[in-house]
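Student: I have a structure open and would like to talk it through with you. Shall we start with how its parts fit together?

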Amino acid sequence: MSAVPKTDNAVPTVPLLINGEWVDSSATEFRNVVNPATQEVLARVPLATASEVAAAVGAAHRAFATWRHTPIGARLRVMLRFQALIREHSKRIAAILTAEQGKTLADAEGDIFRGLEVVEHACSIGTLQQGGFAENVAATVDTYTLQQPIGVCAGITPFNFPAMIPLWMFPMAIVCGNTFVLKPSEQDPLSTVELVKLALEAGVPPGVLNVVHGAKDVVDALCTHPDIKAVSFVGSTAVGTHVYNLASAHGKRVQSMMGAKNHAVVLPDAHKEQTLNALAGAGFGAAGQRCMATSVVVLVGAARDWVPDLVERAKTLKVGAGAEAGTDVGPVVSVAAKERILGLIAAGEREGATLVLDGRGVEVPGFPQGNFIGPTIFTDVRTDMSIYTEEIFGPVLVVIGVDTLDEAIALVNRNPFGNGTGVFTQSGAAARKFQSEIDVGQVGINIPIPVPVPYFSFTGSRGSKLGDLGPYGKQVVQFYTQTKTVTARWFDDATVNDGVNTTISLK
Ligand code: NAD
């Protein structure tokens, strides 16, 4: 992704959305949105100015005064229309997503679908945003809670799910009665913008949803703006930690979902074919650029003999452009990402791991410029090697052998990340022990990528998350609302006089 001069008018500029109007930024700095399979420049995205960010937050702040009082039914009917529009436009937006991000068309549709499920969940807000009520907490006194919207919320999203992750955020925030400023990834904002257009078409009023583009300066402006009450972030650990610290220091509620190193633990009694399929799909699908991708395979006992089979399974995957039929593994998102991944593969070799499958130098006919890396597998990996300590975020699996399930659990628990993990076994007892003792927030049992459906929340833990409440599910309703507790007493006899009570008792 490179900076480009403003004079390059050959490609469209991605607009900002402020107060219901799509506007051209007066930015002086832009980034190219590049097709990772071809290097074609699809658009240029402005790094919005400070006054544009302020205008977006101002519009959201003004819109909150009305939107917060909009009846629940009116809010959820916007979401009902929104979900219908997403379904209608899914294939069109998937093509845009594949062009700007690289993943296969089927996976792009999946990206949209997993976001759509959150919009469907938002349609249940009538039963989600409910308070509690206790009658007679003291004589003639009742206590009840209100789940009130908190105000202007901001969302900052990564490149790897340009549909799903924005849809984790703004639909739930808005349906709770908040207003929103979204800062999509500057690497692939086009499909996100298409979804926002559908939200407006569905009836989201002016100012309720705003979009600004940019990088660090824009993010920092959102994290420090006094009118922003909550910040949702998804992205790398370094940036997520910065966002969490900065926004928290400015009094905001923050949820920050960050990097990962997801271990799949394979016991020798696992269903071999299904497990090999799962490992290859979860390790190399989306070119390994999923926060829940399997990146470490822990082979226990006799399962250590499965490495040649895993290599053969990986070799069956077709590397190619995401838009080409039959592609399993698309390009990684950028030239810079490819160089970084190649650097880590070289480091793995230098540090003494054995490269049993080398995806470097893969050639894709018709796409000589693409950022392709084929499936790559290391064995003999130690936990002090950079291919183990760093999130590679590419199609690279590292394999570690251990003798027992206890050793495997200890290994996973020593790793600082806690996004996802999986165990592959036919033994209920082993699976139950694993789910009980593993210190990772999302666990799959014979499931490689255990991302919860939206009726539950996304519950990554430890080094993969800062903040208490996760995206979607019931937790996000807590995140996007303030609980107000009311204690009320109504007198039905105006002649009664209880006298002055100077104690704290209600009686
Ligand atoms: P990133 O951290 O580089 O970017 C995320 C967002 O932060 C983008 O909108 C970007 O513009 C902004 N940003 C970048 N640099 C910044 C800076 N210095 N200061 C402030 N803002 C900045 O992440 P990415 O490369 O787009 O996404 C990949 C990462 O996201 C991986 O680490 C992956 O594991 C993680 N991720 C995590 C989850 C999860 O739920 N835990 C989900 C998806 C992705």
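**Domains, cores and a helix**

Tutor: Gladly! Domain 1 and domain 2 bury about 1500 Å² between them, with 60% of that area on carbon and sulfur atoms. Keep in mind that this is a predicted model.

Student: Which stretches of the chain make up domain 1 and domain 2?

Tutor: Domain 1 is made of two segments, 14–257 and 472–483. Domain 2 is 260–443.

Student: How many residues of domain 2 are in contact with domain 1?

Tutor: The centres of the two domains, taken over C-alpha atoms, are 31 Å apart. At their interface the rule finds one salt bridge. On the domain 1 side 16 residues take part in the contact, and on the domain 2 side the number is 22.

Student: Which strand gives the most to the largest nonpolar core?

Tutor: That core has 65 residues, and those with the most contacts inside it include Val265, Phe378, Val381 and Val398. Six of its residues come from one strand, residues 396–402, and that is strand 17.

Student: Which residues does valine 381 touch, leaving out those up to four places away in sequence?

Tutor: Valine 381 is among the residues with the most contacts inside the largest core. Leaving out those sequence neighbours, its partners are Ala353, Ile387, Tyr388, Val398, Val399 and Ile400.

Student: How far apart are the end C-alpha atoms of helix 1?

Tutor: Helix 1 covers residues 50–67, and its buried residues include Val53, Phe64 and Trp67. With 18 residues at 1.5 Å a residue, the helix should span 26 Å, so the distance found agrees: 25 Å.

Notes. Residues are numbered from 1 along each chain as its sequence is written. This is a predicted model: local features need pLDDT of at least 70, side-chain atom pairs count only at pLDDT 80 or more; totals for chains, interfaces and linings use all residues. Side-chain values use heavy atoms; hydrogens and water are left out. A nonpolar core is a set of buried Ala, Val, Leu, Ile, Met, Phe, Trp, Tyr and Cys residues joined through side-chain atoms within 4.5 Å. Buried means under 20% relative accessible area, exposed over 50%, partly exposed in between (1.4 Å probe, protein chains only). Helices (H or I, at least four residues) and strands (E, at least two) are DSSP runs, numbered from the N terminus. Contact means heavy atoms within 4.5 Å. The expected span of a helix is 1.5 Å times one less than its number of residues. Domain bounds come from an automatic or database domain assignment. Buried area is the accessible area (1.4 Å probe) that two parts lose on being put together, summed over both. A salt bridge is a side-chain nitrogen of Lys or Arg within 4 Å of a carboxyl oxygen of Asp or Glu.
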